[in-house]
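Work through the exercises below with the sequence and the model open. Each task is followed by a solution in steps.

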Amino acid sequence: MALETGHFLRTAILFTKRWEESMPFTLGDLLAGMLVGVLTALGVRVAVWPGMDMVLAMLLGSAIGMVIHFVLGLILAPLLGMFETMIPASMIGMYGGMFFGMRDSMAAGSRTTRAAALVGVVLGLVVVLALKLYDRILRGTVVDAGN
Amino acid sequence: MDIKTQRKWDAASRTFDLFTFADDRRLGPHKRRLFTKVKGAILVVAAGTGNDFKFFPPGQEIVAIDISPEMLQRAAKKARLYPGNIELRQMDVSELEFSDHSFDTVATVCTFCSVPRPIVGLRELYRVLKPGGQILMFEHVRSNIGPFGILLDLMTPLSRLVGPDLNRNTVANVQKAGFRLRREENVYLDIIKIIEAVKPSSATKADSELP
């Protein structure tokens, strides 16, 4: 019983320590995702007008998102890690920019700038969380041929 | 010596350590876990500014090479702090000056994203490893997942100007160079990986048959 309690306590302490170490990065990842989402949504809102050719709007939106992701990625990578910043940011920038371009060329929702920004936040948050979940699924040994 | 590559990494050495704060904390434990497996004579390839020396177990005899003299200049201070022995040498991994079968372990960290001819470099490492020797790699590679892979392909022409390629298939390259894959682990998505491979014990005779 004492052994089991000791093991439980050690595991709990280890878990808490790991959580404390990773928490600032997790929060940083979420904030970075939201920031890229907002800036991409606003950047696309400025450049794309209702009635614009949808294909061109999607290409333009994607390009704007890529530029924003690249600049923010360079700024945030030293704080959050190169790949942990770059991969979510590029997903939000490139694919999110494409979606925003499509939406804004059709004037399909988010009529105010604030609403567009809010959708940017939501997209950023969802992409970061989805990537974290996917990372959990993929992480670990792929091949182990032993010695 | 590949002068173009050398100049690129000389230039990168000035900002290289800016990116180590977060990567050390997030990826450092994985590197430390990988490098507990080092044994015998150790070759560290593309040591950079020596930021990864601290992840090696203490008391090892290490030879660390890099193509960039400016990287090595910065690495010298960190080599002195390592509680073991690290000899720094300027060398191109594609033209190693070591004789055959010199090392028991080769260690790389984000190296084969940057070597212009990766299979040539890996073949050189194969040559200098003793039969039965191991290569321990911490590398980022091209994702096999469609949307991530496309992103990495699109970003590579830009990233290549200042640093590494983002779309290398290093696991396949290791096998093409003649190594036998022992272990592959995903560290972040399927992009950052631990790759462990060995040079078969019977490799001496088979060396000439490899590409």
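**Exercise 1. State how confident the predictor is in chain A, and which elements have the lowest and highest mean pLDDT.**

Chain A has an average pLDDT of 89, where pLDDT is the predictor's confidence in each residue, from 0 to 100. A score of at least 70 is reached by 88% of the residues. By element, helix 1 (residues 2–47) of chain A has the lowest mean, 81, and helix 4 (residues 113–138) of chain A the highest, 95. Helices (H or I, at least four residues) and strands (E, at least two) are DSSP runs, numbered from the N terminus.

The model is predicted: local features need pLDDT of at least 70, side-chain atom pairs count only at pLDDT 80 or more, and totals for chains, interfaces and linings use all residues. Residues are numbered from 1 along each chain as its sequence is written, while chains are lettered from A and ligands numbered from 1 in the order in which they are written.

**Exercise 2. Locate the bend in helix 2 of chain A.**

Helix 2 (residues 54–80) of chain A bends by about 40° at A:Leu74; the bend is the angle between axes fitted to the seven residues ending there and the seven starting there. A proline, A:Pro78, follows within four residues. Just after this helix, A:Gly81 has a positive phi of about 105°.

**Exercise 3. Trace the eight-stranded sheet and find its edges.**

The sheet is open, with mixed pairing and the order 1(A)-6(B)-7(B)-5(B)-4(B)-1(B)-2(B)-3(B). Strands pair if DSSP finds at least two bridges between them. At the edges stand strand 1 (140–144) of chain A and strand 3 of chain B; each has a single partner strand, so one side of each is left without a neighbour in the sheet.

Next, take the junction between the chains. Strand 1 of chain A pairs with strand 6 (residues 180–188) of chain B in the antiparallel sense, over four bridges. The bridge partner of A:Val143 is B:Glu184, and A:Thr141 stands opposite B:Glu185.

**Exercise 4. Describe the side of chain A that touches chain B.**

In the contact between the chains, 23 residues of chain A meet 22 residues of chain B; contact requires C-beta atoms, placed from the backbone, within 7 Å. Helix 2, helix 3 (82–106), helix 4 and strand 1 of chain A each give two or more residues to this side. Helix 3 of chain A supplies the largest share, seven residues.

Terms used
Contact = placed C-beta atoms within 7 Å.
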